[in-house]
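Q: Please take a close look at one part of this model, the open sheet and the elements that pack on it, and then carry the description outward to the side-chain contacts found elsewhere in the chain.

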Amino acid sequence: MEEHDEDAHGDAHEDVCAADLDPDPDPDPDPDPDLDLDRALTIATDLAAWASETIRRPRHGEEVREKAGPADIVTQTDETIEIHVRSVLRAAFPSHGIEGEEYGVDEPTTPTAPYWVVDPVDGTTNYAHGIGWCSFSLGLVSPDGTPLLGLVADPWRREVFTAIRGRGAHLNGTPIHASPHTTLTGHLFLTEWAAHSHWPGLDPLLTALSHRHCTTRVMGSTALSLSQVAAGRATAAAIGEFHAVDGLPAYLIAIEAGAVALPQFPTYNEPLLLAAPGVAEELRGLWETSRRTGRA
């Protein structure tokens, strides 16, 4: 989704990631009585700092390979970061599962253990072409798909967005909130293509937004674009295909910042919209109309 990097392990995603969040999740899920979310966040933050430094290093002709097609690529940096993250998480949380963009799924050791979702470089196309807009995404998820912890790091601006369920959202440790805007007019909407393609409903949605003088940007990293709603920079953002590895951490950060999600609980491979509360109803009508038009 970055323009999304389609994952070679798509079937595994659908089986075990947050494919369909529990429609009535426990408001304080506790899948692991020994889980310390503060410790988990500390480890995640350390991993984000290491990953960000790795991404910022000069590439020196690093090989770029195709995965599913020309618009779905991977670099050695993607693989190096994910291998390191998996190693650290296995050592720190041996019972937890891990789902990654490049290496698929490692099941948790028990049904009650949570699992991590990681996208080492969300925005690989930008990264591979020397454009400084990509991110490192990491989240912790309960067995029923409820997000417990989310982190999105922007290596180039040295920003780290974080959230723990029920504790609000933060940017570099400072609380953040969705925009107070009450109109789309004059404000910013972010979206991502599905790899190289527009997704059904995107074009009529963009047309409706342009009629309202709402400016659209396609930046190239799902996790980072969704996080801008949490920071109050973008009034809304939408993606055409939700995948947990790059969407779930940012989704948690945004809703903890007060954003409204449509649908309330994202579904694997389906569209997701995040909006500031004051524009949610206006955008809901445009969103539903555009989706009907896109399916026609």
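A: What follows starts with the sheet and moves on to a helix, a set of salt bridges and one buried threonine.

The model is a predicted one, and local features are described where pLDDT is at least 70. In it, 8 strands form an open sheet of mixed pairing, and their order across the sheet is 4-3-5-6-7-8-9-10. Strand 4 and strand 10 (174-176) stand at the edges with a single partner strand each, so one side of each of these two strands has no neighbour in the sheet. From one strand to the next, the twist averages 20 degrees.

Within this sheet, strand 6 (residues 135-141) and strand 7 (residues 147-154) run antiparallel and are joined by 6 bridges. Leu 140 stands opposite Leu 149, the latter in strand 7. Helix 2 (residues 37-56) packs on the sheet, where it touches strand 5 (115-122), strand 6, strand 7 and strand 8 (159-164), and its direction makes about 25 degrees with that of strand 7. Helix 6 (residues 222-230), by its own placement, lies across strand 5, strand 6, strand 7, strand 8 and strand 10, and runs at about 105 degrees to strand 7.

Another helix shows how burial can be arranged around an axis. In helix 5, the residues Leu 202, Leu 205, Ala 208 and Leu 209 are buried. Seen down the axis of helix 5, its buried residues fall within an arc of 130 degrees, and therefore they line one face of the helix. As background, an α-helix has 3.6 residues a turn, so residues three or four places apart point the same way. Helix 5 is followed by His 213, which has a positive phi, near 55 degrees.

The loop after this helix also takes part in a salt bridge, since Arg 212 pairs with Glu 282, with the closest N and O atoms 3.6 Å apart. Arg 212 lies in the loop between helix 5 (202-211) and strand 12 (215-218), while Glu 282 belongs to helix 8 (residues 280-295), so the pair ties together parts that are 70 residues apart in sequence. Arg 212 is partly exposed, with a relative accessible area of 29%, and Glu 282 is likewise partly exposed, at 31%.

The count of salt bridges comes to 14. Among the linked residues are Lys 67, Asp 72, Glu 101 and Glu 102, which are joined in a network of salt bridges. The side chains of Lys 67 and Glu 101 meet at 3.7 Å, N to O. Lys 67 lies in strand 1 (residues 64-69) and Glu 101 in the loop between strand 3 (97-100) and strand 4 (104-106), so this pair ties together parts that are 34 residues apart in sequence. Lys 67 also forms a salt bridge with Asp 72, in which the closest N and O atoms are 4.0 Å apart. Lys 67 itself is partly exposed, at a relative accessible area of 24%, whereas Asp 72 is buried at 3% and Glu 101 is buried at 1%.

The last residue to consider is Thr 75, which has its place in strand 2 (residues 72-75). Thr 75 counts as buried because its relative accessibility is 0%, and the cut-off for being buried is under 20%. Its side chain is joined to that of Asp 78 by a polar contact of 2.5 Å. Leaving aside residues up to four places away in sequence, Thr 75 touches Arg 59, Glu 62, Glu 63, Val 64, Thr 124, Tyr 127 and Ala 128.

How values were computed
Residues numbered from 1 in each chain as written. Predicted model: local features only at pLDDT ≥ 70, side-chain atom pairs only at ≥ 80, totals over all residues. Heavy atoms only, no water. Helix = DSSP H or I, 4+ residues; strand = E, 2+ residues; numbered from the N terminus. Buried < 20%, exposed > 50% of the residue type's maximum accessible area, 1.4 Å probe, protein only. Polar contact = N/O pair within 3.5 Å; in protein donor to acceptor, adjacent residues only side chain to side chain. Contact = heavy atoms within 4.5 Å. Arc of directions from axis to C-beta. Pairing = 2+ DSSP bridges. Axes fitted to C-alpha atoms, helices over the stretch in contact; angles between N-to-C directions.
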